[in-house]
Amino acid sequence: MDAFFASVELLRYPQLQGLPVVIGGSRHTPEDEAALIARWGGLEQIPLEAFPRLAGYVGRGVITTATYPARQFGVGSAMGMMKAARLCPQAILLPIDFVRYRTYSRRFKEVILSLAPVMEDRGVDEVYIDFTAVPGGQEEGGRALAARIQQAIHAKTGLTCSVGVAPNKLLAKMASEFQKPRGISIVQPQDLEQLIWPLACRKINGIGPKADARLQALGITTIGDLAACSLPFLVQHFGKSYGAWLHAAAHGQDERPVVTESEPVSMSRETTFERDLHAVQDKAELGAIFTRLCERVAEDLVRKGYAGRTIGIKLRYADFRSVTRDMSLDHFTQDAAAIRRAAGLCLKRVPLQQRIRLLGVRVGALVAWENGAPRDAGEVPVASHRSRPSDPFTAPLF
DNA sequence: TCTGGGGTCCTGCCCCCA
DNA sequence: TCTGTGGGGGCAGGACCC
């Protein structure tokens, strides 16, 4: 199987090209931006000094993404806003605008689907493409089709895009990182030793900070180091499943197909409070937030046509420890009140002495749902007789 | 002054059942 | 009836990804 991995860059103000820009935080909203556009008569007319700066940012939140010039200062995704403000106070701060990202994301994927129909959606700005059967897909080792895709995306959306071409998804993803933001990189199996093995283990999609730290403790820093380890050694240190996967990944092996359709497994809503709240002292506020989260999950379920029977909550305490509690109902639901009742029972099972910074509600074990019944009645998972029944007579805590 | 939100998948443990 | 064993589901936590 031959795979492309493509990711697009989303920066829509031409006057900000080449400048440090971060997106994230909660202080600025897209409405602020609308006001800016209204005042200056257009997106391109906004002068640099009119954009808010990161300096002096106060409040919670993290950086969602940053331009390459901002990354030069050490600012990056998932970094706290206050820390980023210290590292690069002059950076321009843009609000998150999910509505616009989704619009552009849809357009970018439509362009790809029109050229190569076997596409796996990997989020708002990434896809995998199987181009084995695309006419002309093998020309110049895939480079010709990659260039056509890049040009079509730019023509239809104005966005740039980097592409990796490789025999499988694992290598295509790594190849796409080689020339950002608008390159085409091709990795063949014989390039493994020269192009992949010198890279840090962390570059493998699936090795995160924890696994990387454990590898480093064993003296394994590059993918080449990892490839030099025997399978029994990796299984001994990382378990049968993950150890075998590490071994295969280091040798560039990945048999996963490009998956064009998938059903969601769970839906959730969570929120981090402006300040840490206490279950007793802030009972009314917490109760209102909790109910609203349940309503929002229910709205999502109804809008997308799903119902679920495992209801769960997530709490993050002020010290950042997290706990979750779940319970399975004997029926599927997409009803906010039913979710609220079950989530309330889950909440009764967690200690609430400490202040809380985050609360979340999740519905899992989903089935496609239509007009009060499963969409495909033949394949409904049967509720286990062991599932705990909900107790409608027990009042939720808040 | 720390650390968002929405997901998936995996693992370990416990319990129930055959 | 007791004990062992293995499978499967539920649950909790954690790692990882975008």
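Colleague: How many bridges join strand S2 (residues 21-24) to S3?
Modeller: This is a predicted model, in which local features need pLDDT of at least 70 and side-chain atom pairs count only at pLDDT 80 or more, while totals for chains, interfaces and linings use all residues. Residues are numbered from 1 along each chain as its sequence is written, and chains are lettered from A and ligands numbered from 1 in the order in which they are written. Helices (H or I, at least four residues) and strands (E, at least two) are DSSP runs, numbered from the N terminus. S2 and S3 run antiparallel, with Val-22 opposite Ala-66 in S3, and the number of bridges is three.

Colleague: Which strands are the edges of the sheet S3-S2-S4?
Modeller: This open sheet of three strands has mixed pairing, where two strands pair if DSSP finds at least two bridges between them. An edge strand pairs on one side only, which holds for strand S3 (63-66) and strand S4 (92-94).

Colleague: Is H6 buried or exposed?
Modeller: A residue is buried if 20 or more other C-beta atoms, placed from the backbone, lie within 10 Å of its own, exposed if 12 or fewer, and partly exposed in between. Eight of the eight residues of helix H6 (residues 169-176) meet the first condition, among them Lys-169 and Lys-173. The helix is therefore largely enclosed by the rest of the structure, that is, buried.

Colleague: Between which domains does the largest nonpolar core lie?
Modeller: A nonpolar core is a set of buried Ala, Val, Leu, Ile, Met, Phe, Trp, Tyr and Cys residues joined through C-beta atoms within 7 Å. The largest has 41 residues, with Leu-171 and Ala-175 among those with the most contacts inside it. H6 gives the most to this core, with five residues. Domain bounds come from an automatic or database assignment, and both of the following give residues to the core, so it lies between them: domain 1 (3-8 + 99-192) and domain 3 (196-250).

Colleague: Which element gives the most to the surface near DNA strand B?
Modeller: A residue is near a strand if its C-beta atom, placed from the backbone, lies within 6 Å of it. 26 residues surround DNA strand B, Met-82 and Thr-272 being among the closest. Helix H3 (81-87), helix H11 (240-250) and strand S9 (266-277) each give two or more. With seven residues, the most comes from S9.

Colleague: And which element supplies the largest share near DNA strand C?
Modeller: 25 residues surround DNA strand C, including Lys-210 and Ser-328 among the closest. Helix H8 (209-217) and strand S11 (322-333) each supply at least two residues. The largest share, seven residues, comes from S11.
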